[in-house]
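Me: I'm new to looking at protein models and would like a close look at the empty space shut inside this one. Could you walk me through the cavities and what lines them?

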Amino acid sequence: MKKSTQEIKKAYIKDLTNKDLDANKVPSSLKRRSFLKGGSLLALASLIGGSLPLARDGASGFISSLLASELHPFSVKGKEGLIYLNDRPINAETLPQFLDDPFTKPEHLFIRNNGLPPEEKTIDLSKWELRIEGESCERPTTFKLEELKKKFKHYTYALVLECGGNNRFDVVPAVRGNQWQLGAVGCGGWTGVRLKDVLESCGIKKDAVYIGYYGADTSLSGSGEVPISRGVPMHKALEDETLIAWQYEGKDIPYMNGYPLRLVIGGWPASVAGKWLVRVVVRNKVHDGPKMGGGSYRIPCTPVAPGTKVDPAHMCILESMAVKSLITHPLTGVHTPFGKSLALRGKAWAGDLSVASMHVSINYGETWHKAKLKKPINRLAWQEWEANVSFPTKGYYEVWARATDSKGVSQPMVLGAWNPGGYNNNACHRIAVQVV
């Protein structure tokens, strides 16, 4: 007999604790994704009445979405459909089914924090200021938020933001850091003013090579220090699509995504797109703020063997993200009748480049079938794709997806070049399919 969600939750908690507990009054020790991942998946599968295909890839996310309403003590106002990795700082990824929308809805956009955001109740739009300065800025200027909106032309671009460590969960050997699976990525329409228009109004000296940002977030230690201050070279800062934004998908930027003002820099790791923006500095050298040195958002300058400890001097800054794709429909574990084709759809993107072609395979990459690929709505937006596949017999299959960028570079079928930060993993996404 099919059990209710509440019964499943209660039984799952008992499996973890050997105690009968109220599913709505869960001890704090059970309220973390890391703890949930240690639970008995077999017990949960038996309760649901079915198997959990590709448990390593999907089960922890499935458990979190099933139990999130009572097991997570740190839900975020205005957000839903997220898997919370931790709460200090808050980091949460989007469930795969919510990446199927043409553009990621504000309530589903992933959260990546390094410190503590400014308290929402303390944010006064009439007093919010952005300071443009730095050794390579000719006329340091402070703008009120309303002044920015009135002085400069507004633009809207659909831009991909992806955490540099997205898919770190699948890196072998494993590395430290947030164990993102698929959902530390999103794409939607950002509205604001071009960074280049603002910088040019302040004057850019000829020796300028980099910009850096500073936000109003503070370190977890409570010291008031800035937890992260990254940046990009001038050529990236001056692209048309690089924005100082205040809206996402026609609404105020969600609080946890940088309200009321943030940088949006598509195609590069989202860590360069500073949130709660209060200052931009124009530098005559590579920016040296927190998270710009050491191993942060850096990869080996030359390939290394998996598990190698790399000298920081031999690490290079991660810039454009690699070509990548997702199957967003159907979800892994789908059952489909024999003799009927299965409709697939998904998203693909390629950092600074575009995606030139998209292919799918049902036989572990032995043969590939071309998918229909749509053009991006603008540069640096993701691209939708779709395909139909048929299976020769009943049984278990995996559907793989592979994108190729405009320079002819394709996704690897397995983990590509290993790095100690677990960055830029763009191995082919795959889903499990049972043909019955």
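Reply: Here is a short tour of the cavities, starting with the protein around them. Please keep in mind that this is a predicted model. The protein has 436 residues, and 53% of them are buried. Its secondary structure consists of seven helices and 24 strands. Among contacts with a separation of 6 or more, 71% join residues that are 24 or more positions apart. On the outside, the protein exposes about 19100 Å², with carbon and sulfur atoms supplying 52% of that area.

Now for the inside. Rolling a probe the size of a water molecule over the atoms shows where empty space is left. Searching the whole structure turns up two cavities of 30 Å³ or more.

Let's begin with the largest cavity, which has a volume of about 230 Å³. It is lined by 20 residues, and those closest to its centre are Arg112, Arg262, Ala270, Ala273 and Lys275. Sorted by class, this lining holds eleven nonpolar, five polar and four charged residues.

The second largest cavity contains about 60 Å³ of space. Its lining includes a run of neighbours in the numbering, Trp349, Ala350 and Gly351, as well as Leu353, Ser354 and Val355. Val160, Gly267, Leu380, Ala381 and Gln383 also line this second cavity. By class, its lining has seven nonpolar and four polar residues, with no charged ones.

To compare the two linings on charge, look back at both: the largest cavity has four charged residues in its lining, whereas the second largest has none.

Methods. Residues numbered from 1 in each chain as written. Predicted model: local features only at pLDDT ≥ 70, side-chain atom pairs only at ≥ 80, totals over all residues. Heavy atoms only, no water. Helix = DSSP H or I, 4+ residues; strand = E, 2+ residues; numbered from the N terminus. Buried < 20%, exposed > 50% of the residue type's maximum accessible area, 1.4 Å probe, protein only. Contact = heavy atoms within 4.5 Å. Areas by Shrake-Rupley, 256 points an atom, 1.4 Å probe, with all protein chains shown as cover. 1 Å grid on protein atoms, 1.4 Å probe; cavity = no way out; pocket = protein on both sides within 12 Å on 5 of 7 lines; lining within 4 Å. Points joined across faces, edges and corners; volume = space filled by probe spheres on them. Nonpolar A, V, L, I, M, F, W, Y, C, P; charged D, E, K, R; others polar.
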